[in-house]
Amino acid sequence: MPYLGSEDTVRELKRALSNPNFQSDQLRYRNTILKVIRAMSQGVDVSGLFSEMVKACATVDIVQKKLVYVFLCSYAALNPELSLLVINTLRKDCQDPNPMVRSLALRNMTNLRLPSLVEYVEQPLTAGLRDRAACVRRVAVLGWAKLHNLQTNSEIDAAVVNELYSLLRDPDPVVMVNCLRALEEILKEEGGVAINKPITHHLLNRLKECDIWGQCEVLRVLQRYRPQSDDELFDILSLLDTSLVSPYPPVMAATLSLFLSLGSDLPAVSRAALERVRGPLLATCGSVSREMRFTAICHIQLLLRSLPGLMGAHYKRFFCGYAEPAFIKQRKMQVLVELVNDENIVMLLDELRGYCTDVNTDTAQAAISAIGRIGRSYSNRCLEILIELLGLKQEHITSAVVQTMRDLVWVCPQCSDTVCLAVEGCEETLQDSQGRQALLWLLGVYGERISSAPYTLEVFIDGVRSEASLGVKMELLVATMRMFLCRPAETQDMLGRLLHYCIEEEADMCVRDQALLYYRLLHCGIEETRKVLQGRRSDPSLGVLIGRPAEPISQWACNFNTLEPLMQGAVETDLPSRGSPEHVTFDLKSNTNLSDTLNCSHGEEFHAGSDSAIERVDSSTDVLSSSVAVPLSLSLSPILSPEEFEGLWLQQQVLHAEQGPEKIKGEDCVCMEERVPCPELFLCSPQSLQAAMQLVNIQTLAFTPPHTLPWRVYLYTHTQQAGSADTPHSTLILGELLYTGEEYQKAGKGDGDVLVEDREDEQMKEEQEATANGSSRRDITRTNSGQDAVKVTLKQQPRDEKALKGFLSILTTLLHTLTLERA
C-alpha cells in the first residue's frame, strides 16, 4: 500500500473499487469502502472517487449503505451534478420493506443539502410522515426542517404544516418532540409553534414519556402559554411539581424556568418554587462533571439575588476542593460572600484565608478580594487577615492586599488609620503596575497620616525614567501633587523634579499634558489647586454594609436556564446599606396610603419649553386611581453611571430642542415638567435627601450644597408595572429638581435661619388670614405653588406615561414628606 496521503493512495483505492473481483466479493468490497472512509476522516482528498462510490450505494448490505452515504453527504456539494445519480437509488430505498433502510435513505437524502434536489425530496418526505414505522416518521419530520433551512425564502406548503401539527399527537414521543422542533424552525418568523390549551394539556400529560432532552424541549415551548384561569394555572403547576425535583438537572432547570414564567404574577408561587429546587441545585453542585457544577453555581448566584438566605444554612457546600479548577473556586467564593452573616463569619473568613495562599495566583487574588468585600461589614476582622497576609512578603499577595485595602477605605473611611499603618514598607514587594497604582493612591490621599509617604514617593520619582507603566506615572503625578498640599516642605523639591521630567523629557502626551495642567494650576495659587485636587471625602462615621438587597424574581427570570448566568460575574454591591431594598413595590390604587400624605398633586404632561404650568387636579386620590391602576415597581438596577446619565440627559435635551414638543410626542421618549410647592426642601441636607430617595429606590447622582441658590438635584430610577396584563417592561426615568428661590431673592432674603424664620412668619400670617376666611393652608399652598415651588423635570425612555405619572406621584409624596418633617 502506498504512503497514506499521496496521490497513489487515491489511485490505488479507485483501482480497487473498479475491480470486478473486489465487487463480486462483498466482504472485500466493503473493506475497500471502509478504507476510503478512513482516508477521508484523516484529511485525504478522496473526492475523485465520487463516481465509484455512487455505484457502491446500489447494494442490499445496510452497513455498506451507511458507509457510502457518509461519503456522499460529505462530497455532494463538490459534485452537484454527479449527486443526481444518487437520487434514484435513495428514492428506491425509501420504498424498501425494511424501515431501517427507509429511514436511512430519508435522512441522507436531506443531508445532501443541494437546492437542485429539493423537488426530488419533497414527495418521499411527505410519504415518510405517514409511514407505519416510528423511526421513519422521526426522520421525515426533521427532514422538513432541513428542507426549510435549505430554502429559507420559500414557504412550505400549509398542508405539510397541518400534517406536522397533527403529528403532535403521534403515539411515539420522539416524533412528537421532533414535530415541536421542526415547527419551531419552520414557523420562526411567525413566533414559532402556536400553543393553545388542548396542545398544552396534551404535551403536559405525555411529558413523562419523553427522554431528558425531549422534556426540556417541551417545557421550553410551554413557556409561551398563558393559562386562562387560576384553576388551570394551579393544575399545570401540580402536574409539573414532580419534574421540579427531577434528578436530572436539565429537566429541573427547564421546569423551574416554566414555573417562573407561569407564576410571574404570583411572587409567593415563584418563591416556593425556588425553595423546592434548593436540594436538586445543591446536589448538582456535587456533580462529577465540572461543567455541570459550574453551571449550577452560576444559577445559584442568580437565585440569591432574590432570596439571599436561600442557601444560608448550606454555606459549607460552597467550600472549595483542592482539585477543583480555578473557575469553579472563584465562583464559589463569590457565593460565599453573599452568604456571610454574624453566625458563620468566623468560619468563612478562616476558609477564605486558606485560599489566599493557593498555588494559583488568580484564585489567591480572588480570595483576597472576597475578604475585602466582606470587610465592608466586618472591617476589623478582615483587616486583621489582610495585615497578616502582608507579612508573607509575596508579590501577588501583597499587590492584591494593597488593592483591596484601597477599595475598602474608599467605601469605609473609618478603616483608614489601620490601613495607613499597614501599608508602610510594602513598596519593596510590589512589582506589578496595579499594586503600585493602589499604593500611590493611598499615599496621595492619606499622605499626612503615613510618616514615610514622602520618602516612598521619592523612590518612585527617582525611578520614573525606567517606569514602563503609563498608569503608574499618572498616579504618581496625582499623589505627588496631593502630598505637596499637605506636606509641602518635604515634597517641594521632588515635585519640581517630577514636573520637569514629565514636561521636558516624557514622550507620552497624556503624562505630559497632565503635568502641564498641574504646573499651570500651581501658578493660580495653592487654594485653587487645593479645590481641584482635594474634593470632599466620605464621612468616616458612615459605613457601607455588604450584601445585595433582594431583587424581584421577574427581573432575572428570563435569564434562568440560559447562558447569561455563565457569562455574568459577581457584581459588587455599591449601595450604602444592606437595609435599603433594591426593589420596592408600590400599589397605587384609589385607597393607597400614599394618597393620604400627598398634599400636592401632580399635573398632566407637558413638554419642556412651556412657559406656564397646566391645570392641576384637585384631588391626588383621583389622579392616582385614574392614572395608575396596577402596582408600580421602582428599581436601581441596572446601575447608571454619572457619565451615562449626563449623556442621556443631554441627548434628550438636544432632541427636544431640535424637533420640538409636537414631534417629540411621537418618539419613544417623554419629557415632563411639574412644580411641587415645597420651597423649604433646598434647606435639607444631602444625606437626608439621599437616604429618603434610596428608601423608595430612587438613586441621586448629584447635589448642590444646601442653602445654595439655584439648588439642583439629579436622580434616576427604573419603573416597571409588574401587574399589567401585557408583558412587563422596564423604563428608565431621569429627573432634575430645580429651585431658583426667586421669591426669596426678590424679598431680599439671605440664606440660613433668618430666611426660614421669615418664611415661617409669613406662613403663620397666611394661616391666620385663611382661618378667618374659612380656607385651609392646603388651598393657600396650591395658590402659591406656581410662583415659589421646586421645578421637577422628568425624562423617560422608553415611553410609558402611566408609569411616569405613578413615579411623579411617589416623588411628590416623598418631597412633601421631607418638607413636613423639616417644618
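**Exercise 1. Find where Thr32 lies, and work out whether Thr32 is buried or exposed.**

Step 1. Look for Thr32 in helix 3. Helices here are DSSP runs of H or I with at least four residues, strands are runs of E with at least two, and both are numbered from the N terminus.

Step 2. Check the relative accessible area: Thr32 comes out at 4%, so Thr32 is buried. The cut-offs are under 20% for buried, over 50% for exposed and in between for partly exposed, using a 1.4 Å probe and protein chains only.

Step 3. Now list the contacts, meaning heavy atoms within 4.5 Å. Leaving aside neighbours within four places in sequence, Thr32 touches Leu13, Ala16, Leu17 and Phe22.

A quick note on what you're looking at: this is a predicted model, where local features need pLDDT of at least 70 and side-chain atom pairs count only at pLDDT 80 or more, while totals for chains, interfaces and linings use all residues. Residues are numbered from 1 along each chain as its sequence is written, and side-chain values use heavy atoms, with hydrogens and water left out.

**Exercise 2. Stay with helix 3 and describe the salt bridge between Asp61 and Arg30.**

Step 1. Recall the idea: side chains of opposite charge can pair when their charged atoms come close. A salt bridge here is a side-chain nitrogen of Lys or Arg within 4 Å of a carboxyl oxygen of Asp or Glu.

Step 2. Get the distance: the closest N and O atoms of Asp61 and Arg30 are 2.7 Å apart.

Step 3. Place the two ends. Asp61 is in the loop between helix 4 (50–56) and helix 5 (62–75), while Arg30 is in helix 3 (residues 26–41), so this pair, 31 residues apart, links distant parts of the chain.

Step 4. Compare their surroundings: Asp61 is buried at 8% relative accessible area, whereas Arg30 is partly exposed at 27%.

**Exercise 3. Describe two further salt bridges, Glu458 with Arg497 and Glu506 with Lys473.**

Step 1. Start with Glu458 and Arg497, whose side chains meet at 3.5 Å, N to O. Glu458 sits in helix 26 (residues 453–462) and Arg497 in helix 28, 39 residues apart.

Step 2. Look at accessibility: Glu458 is partly exposed at 29%, and Arg497 is partly exposed at 33%.

Step 3. Move on to Glu506 and Lys473, with 3.0 Å from N to O. Glu506 belongs to the loop between helix 28 and helix 29, and Lys473 to helix 27 (residues 470–486), 33 residues apart.

Step 4. Check these two as well: Glu506 counts as buried at 11%, and Lys473 counts as buried at 11%.

Step 5. Finish with a network: salt bridges that share partners join Arg181, Glu184, Glu217, Arg220 and Arg224. The whole structure holds 34 salt bridges.

**Exercise 4. Work out how helix 28 and helix 29 pack.**

Step 1. Two packed helices are described by the angle between their axes and the distance between the axes. Axes are lines fitted to C-alpha atoms, for helices over the stretch in contact, and angles run from 0 to 180 degrees between N-to-C directions.

Step 2. Helix 28 (residues 488–504) and helix 29 (residues 509–523) make an angle of about 135 degrees, and their axes are 8 Å apart.

Step 3. Name the arrangement: the two helices are therefore oblique to each other. Under 35 degrees would be roughly parallel, over 145 roughly antiparallel and 65 to 115 roughly perpendicular, with the rest oblique.

Step 4. Pick out the residues. From helix 28, Leu495, Leu499, Cys502 and Ile503 meet Val511, Arg512, Ala515, Leu516, Tyr518, Tyr519 and Leu522 of helix 29.

Step 5. Sort them: ten are nonpolar, none polar and one charged. Nonpolar covers Ala, Val, Leu, Ile, Met, Phe, Trp, Tyr, Cys and Pro, charged covers Asp, Glu, Lys and Arg, and the others, Gly among them, are polar.

**Exercise 5. Find out which residues of helix 13 are buried, and what they pack against.**

Step 1. Seven of the ten residues of helix 13 (residues 212–221) are buried, so the helix is largely enclosed by the rest of the structure.

Step 2. The buried ones are Gly214, Gln215, Cys216, Glu217, Val218, Leu219 and Val221.

Step 3. They pack against helix 11 (173–186), helix 12 (197–205), helix 14 (230–244) and helix 15 (249–262).
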